[in-house]
Structures are given as structure tokens and as C-alpha cells.
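Work through the two exercises below with the model open in front of you, and try each task before you read its solution.

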Amino acid sequence: MPAPLIAPSILSADFARLADEAAAVAGSDWLHVDVMDAHFVPNLTLGLPVVESLLKATDIPLDCHLMIEDPDRWAPPYAEAGAHNVTVHAEAARDPRKLAKDLHAAGALAGLSIKPKTPLDDWIEVLADYDTLLVMSVEPGFGGQSFMPEVLDKVRTARRLVDTGHLTVLVEIDGGISADTVEQAAEAGVDCFVAGSAVYGADDPARAVAALREQAAAVSPHRSLTTRE
Ligand code: DX5
Ligand code: ZN
């Protein structure tokens with residue numbers, strides 16, 4: 001297992017300067033790209049053309065989080081374009097098992113996300129086909145919201161399923177991750193931490209990424225920074 005992964009969310013970056021904002025977090029493991037369609041969530045951000053441009057502008061693997069309706073139709077093109085991981089919402093997918101296969105066939109990892117009130121238990125079987133589980137720790141739609149610690153029970157369950165060999169997903173968390181919350185998430189068993197406002201709101205975003213990684217590694221019982229470097 002690698003060191004904790006940190007994925008800055010460009011939702012909190014300056015959308016007019018995305019190439020520079022990607023460069024500002026050099027050393028990040030993944031770059032988290034929030035795609036919102038103003039239907040699945042009450043906000044509108046960016047889509048495939050911007051992701052295609054971003055792929056040319058950075059070497060950081062893109063972690064596309066699709067908060068959209070009908071991901072069965074719209075998600076595979078992000079994989080075809082070259083996104084490293086393409087995450088769809090369980091609540092929106094019509095045939096999530098087929099969708100995972102389509103994402104794999106297009107060359108990406110497949111991620112499944114669940115909103116704070118969505119039970120994990122309903123999706124455990126489906127997760128056998130997925131590479132990442134994105135546990136939302138805020139209601140999706142906006143950056144800068146408060147972390148919901150009650151979702152950590154789902155993280156603990158997922159961690160246990162992975163550690164006992166029942167699932168092979170990487171456990172990712174998204175929403176309200178900061179210096180104040182990253183440790184409790186790491187203790188619960190998160191592998192990959194998305195952080196928007198805590199990174200892009202910092203004076204030195206790259207330093208904020210490194211600091212979050214160090215904090216997470218220090219309290220992660222099952223992995224350490226030394227396995228990565
Ligand atoms: C919210 C997005 C998050 C958002 C997190 O719907 O999925 O990725 O950027 O922002 P922070 O880290 O500020 O809570
Ligand atoms: Zn996100």
C-alpha cells in the first residue's frame with residue numbers, strides 16, 4: 001500500500017488559470033476534477049473539453065469526480081480522453097457494473113462514489129467491479145463545507161472489507177478535509193484524501209499538500225511515508 005494519496009480539488013482553484021493552478025500543486029498524487037451538471041447537484045462547473053485541455057497541461061494523474069446524471073452515457077469519454085480515475089455516483093448510475101467495465105475498457109480506473117446518506121451496504125457487491133470508493137463527507141455540490149464525521153463509519157467498514165480481502169478498492173474521501181480533519185479520516189482507514197479549500201486557500205498549496213500527507217501518514221496504522229520514497 002502506498003503512502004496516503006493527496007488529491008487537491010481544482011474546484012477551489014482559479015478556473016481562468018487551471019494550468020498554473022495544477023503546477024502550484026506539483027508533487028500531488030492525483031488532481032481532483034469536479035464535474036457538475038446542475039442537475040445531479042445544484043452547481044455547474046466544467047466538462048470534457050476542459051478536462052482534455054487539462055490533460056495536456058499537467059502530468060498529475062486526473063481524478064475525475066462526475067457529479068452528473070446519466071454517467072452510463074457521459075462517463076466513458078473521460079476515460080477515453082485519458083483520465084486516470086473516473087468516479088461516478090452510485091445514486092446516478094443505471095448499470096454500475098457495466099459502467100465499470102466500460103471505464104476499464106477505455107483505460108481508466110473506475111470509481112464509485114456515495115453521498116453522505118447513501119448506505120455502503122447497498123453497494124458492496126457492485127464494488128467488486130470498482131477500483132476506488134469515494135466516500136463523500138459533505139453533500140456534493142460545493143467546496144468549503146464542514147466535514148461530516150458520521151461518514152467515517154462507512155470508511156471503517158470499507159477498510160475492514162479491504163483488509164480482510166473482501167474488496168480491493170482504494171478508499172477515498174472528499175469534503176471538508178483539512179489539517180483539522182485529515183487525521184480522523186486517516187485513522188478510520190482512508191487511502192486518498194481530496195482537499196479543495198484547504199489546499200488552494202493556503203499561501204503555499206504545494207506545501208499544504210505535503211503537510212496533509214505527513215499528517216495522514218503519521219496516524220495511518222497500516223502504511224507509512226517510507227513505503228513510497
Ligand atoms: C464537492 C466536491 C469536492 C470539493 C471539496 O462536491 O466533490 O471535491 O472540491 O472541497 P473542500 O475540500 O473545500 O471541502
Ligand atoms: Zn469531488
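**Exercise 1: the surroundings of ligand 1**

In this predicted model, a polar backbone atom of G176 lies 2.8 Å from an oxygen atom of ligand 1. Find further polar contacts of ligand 1, and state how much of its accessible area the protein covers.

Solution. Begin with the backbone, where an N or O atom of G196 is 2.8 Å from an oxygen atom of ligand 1. Then turn to side chains: an N or O atom in the side chain of D34 is likewise placed 2.8 Å from an oxygen atom of ligand 1. On its own, ligand 1 has 380 Å² of accessible area, of which the protein covers 100%. As a last step, consider the space taken by ligand 1, which is the largest pocket.

**Exercise 2: the zinc ion**

Identify the protein donors of the zinc ion (ligand 2), and explain why the arrangement of its donor atoms is octahedral.

Solution. First list the protein donors, which are H32 (NE2), D34 (OD), H65 (ND1) and D174 (OD), at 2.1 to 2.2 Å from the zinc ion. Next, place the donor residues along the sequence, where their spacing reads H-x1-D-x30-H-x108-D. Both H32 and D34 are buried. Finally, examine the angles: the six donor atoms around the zinc ion subtend 71 to 171°, and the arrangement is therefore octahedral.

Key: Residues are numbered from 1 along each chain as its sequence is written. Chains are lettered from A and ligands numbered from 1 in the order in which they are written. This is a predicted model: local features need pLDDT of at least 70, side-chain atom pairs count only at pLDDT 80 or more; totals for chains, interfaces and linings use all residues. Side-chain values use heavy atoms; hydrogens and water are left out. Donors are N, O and S atoms within 2.8 Å of the metal (3.2 Å for Na, K and Ca); water is not among the atoms, so sites may look incomplete. Four donors count as tetrahedral if all angles lie between 85 and 135 degrees; four count as square planar and six as octahedral if opposite donors are over 155 degrees apart and all others between 65 and 115; anything else is irregular. Buried means under 20% relative accessible area, exposed over 50%, partly exposed in between (1.4 Å probe, protein chains only). A polar contact is a pair of N or O atoms within 3.5 Å; within protein, one must be able to donate a hydrogen and the other to accept it, and residues adjacent in sequence count only if both atoms are side-chain atoms. Accessible areas come from the Shrake-Rupley method with a 1.4 Å probe; for residues, only the protein chains shown count as cover. On a 1 Å grid over the protein atoms alone, a cavity is a set of points where a 1.4 Å probe fits but cannot get out, and a pocket is an open set with protein on both sides within 12 Å along at least five of seven lines; lining residues have an atom within 4 Å of a point. A molecule sits in a cavity or pocket if more than half of its atoms lie within 2 Å of its grid points.
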